[in-house]
Amino acid sequence: MNIAFFDAKPYDYIWFEPLSKEYGYEIHYCDYRLCADTAVLARGFDVACAFVNDKICAETIGVLKECGVRMLAMRCAGYNNVDVAAAAKAGLPVVRVPSYSPSAVAEHTAALLLSVNRKTHRAYYRIRDNNFSINGLMGFDLAGKTAGIIGTGQIGSLFAGIASGFGMRVLAYDPFPKEDQLEYVSLDRLFAASDIISLHCPLTPDTYHMISKSRVKEMKKGVVILNTSRGALIDTEALLEGLIDGQIGGAGLDVYEEESDYFFEDRSGEIIRDEELSRLLTLPNVLVTSHQAFFTREAMQAIAMVTLENICALEQGRPLENTVLPRS
Ligand code: NAI
């Protein structure tokens, strides 16, 4: 099997290259993101391998098919950037890595919460500048507060456990609640009662901008919003308004709705032209990380293993267990 690997980064090479040799596969690493214009680079390859910010629309899929690609292998869990219906119509199987390290994402969510609340990201810079003042760095005790968790799949459930470990009361919302010890409530109740709100549901037409201007008004004053799921779950304008007028006390964001032009790239020598991102980055109570919640050794190893195993299933004509199907 030969694989056209789009949006490749040095860490991808480190984890995929040794393992691909064991499978006897040839990977062509390409810096470009997969989109309608670059899909032609997959000509002659069995598999196109893509990531979270590639744009896999119907046109991209059409070009991949025309180039003879037999499968699209997403090396991530989310697939909101893939037109799955168009792929099904074109007869192009799409596989993903449904789970690689939910702990990695849940733990990063906790890191964002602790930093935003106790302002360690600001303290770090102050002390490097010999400024030992603690004015403006006050946080609040997590113990005794309420965490509202939206989406209680693998990551949300783990984060619920972490929040409970801090002594927080956990409220949860999920259209498919699990029969366990979580206290499920309506979204209205969750928004009204939570001191922190953490998003762990997929991005779908139903969840797009679930944090909206009207929702922000329903939240507790000073609420901390955490998003390690997908950027477009939050209407950034609504978030900014809430942060500026104090309704929202802080935000820890690993994802951003317009992240694709910036995240994963070194743009340190450039002007950021995205005004909402620029404004977010100026606010002292906002911590943005660059979609790195997944980024642990364990997760990278699992991503490489499952992606190559998905490709091996295609090669050997086995059922593709991790296929992504269109929403019915
Ligand atoms: P999962 O599929 O195990 O859980 C998702 C949960 O969301 C399910 O329980 C589902 O019922 C629920 N859900 C579906 N629609 C909902 C709605 N309208 N409202 C509330 N809940 C809803 O997925 P997992 O592994 O927990 O991942 C969650 C999300 O985290 C993924 O969709 C992905 O976007 C994101 N993610 C982010 C990473 C990062 O590096 N920042 C890495 C991996 C995943």
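Let's start with a side-chain pair: serine 198 and histidine 200 make a polar contact through their side chains, at 2.7 Å. Keep in mind as you look around that this is a predicted model.

Serine 198 sits in strand S9, which covers residues 196–199. Is this serine buried or exposed? Its relative accessible area is 1% and the cut-off for burial is under 20%, so serine 198 counts as buried. You can see what surrounds the residue by listing its contacts beyond four places in sequence: serine 198 touches Thr109, Gly148, Ile149, Ile150, Phe159 and Leu226.

Now let's move to the beginning of the chain. Strand S1 (residues 2–5) and strand S2 (residues 26–29) run parallel and are joined by four bridges. Within this pairing, alanine 4 stands opposite histidine 28 of S2. To get from S1 to S2, the chain passes through helix H1 (residues 10–23), and the resulting β-α-β crossover is right-handed.

Helix H1 is also home to glutamate 17. This residue has a relative accessibility of 13%, and because burial means a value under 20%, glutamate 17 is classed as buried. Which residues does glutamate 17 contact, once its neighbours within four places in sequence are left aside? They are Asp12, Ile27 and Tyr29. Two of these names lead back to the strand pairing, as S2 spans residues 26–29.

Finally, try locating lysine 55 from here: 38 residues separate glutamate 17 from lysine 55 in sequence, and their C-alpha atoms are 24 Å apart in space.

How values were computed: Residues are numbered from 1 along each chain as its sequence is written. This is a predicted model: local features need pLDDT of at least 70, side-chain atom pairs count only at pLDDT 80 or more; totals for chains, interfaces and linings use all residues. Side-chain values use heavy atoms; hydrogens and water are left out. Helices (H or I, at least four residues) and strands (E, at least two) are DSSP runs, numbered from the N terminus. Buried means under 20% relative accessible area, exposed over 50%, partly exposed in between (1.4 Å probe, protein chains only). A polar contact is a pair of N or O atoms within 3.5 Å; within protein, one must be able to donate a hydrogen and the other to accept it, and residues adjacent in sequence count only if both atoms are side-chain atoms. Contact means heavy atoms within 4.5 Å. Two strands pair if DSSP finds at least two bridges between them. A crossover is right-handed if, with the strands pointing away from the viewer, the path from the first strand over the helix to the second runs clockwise.
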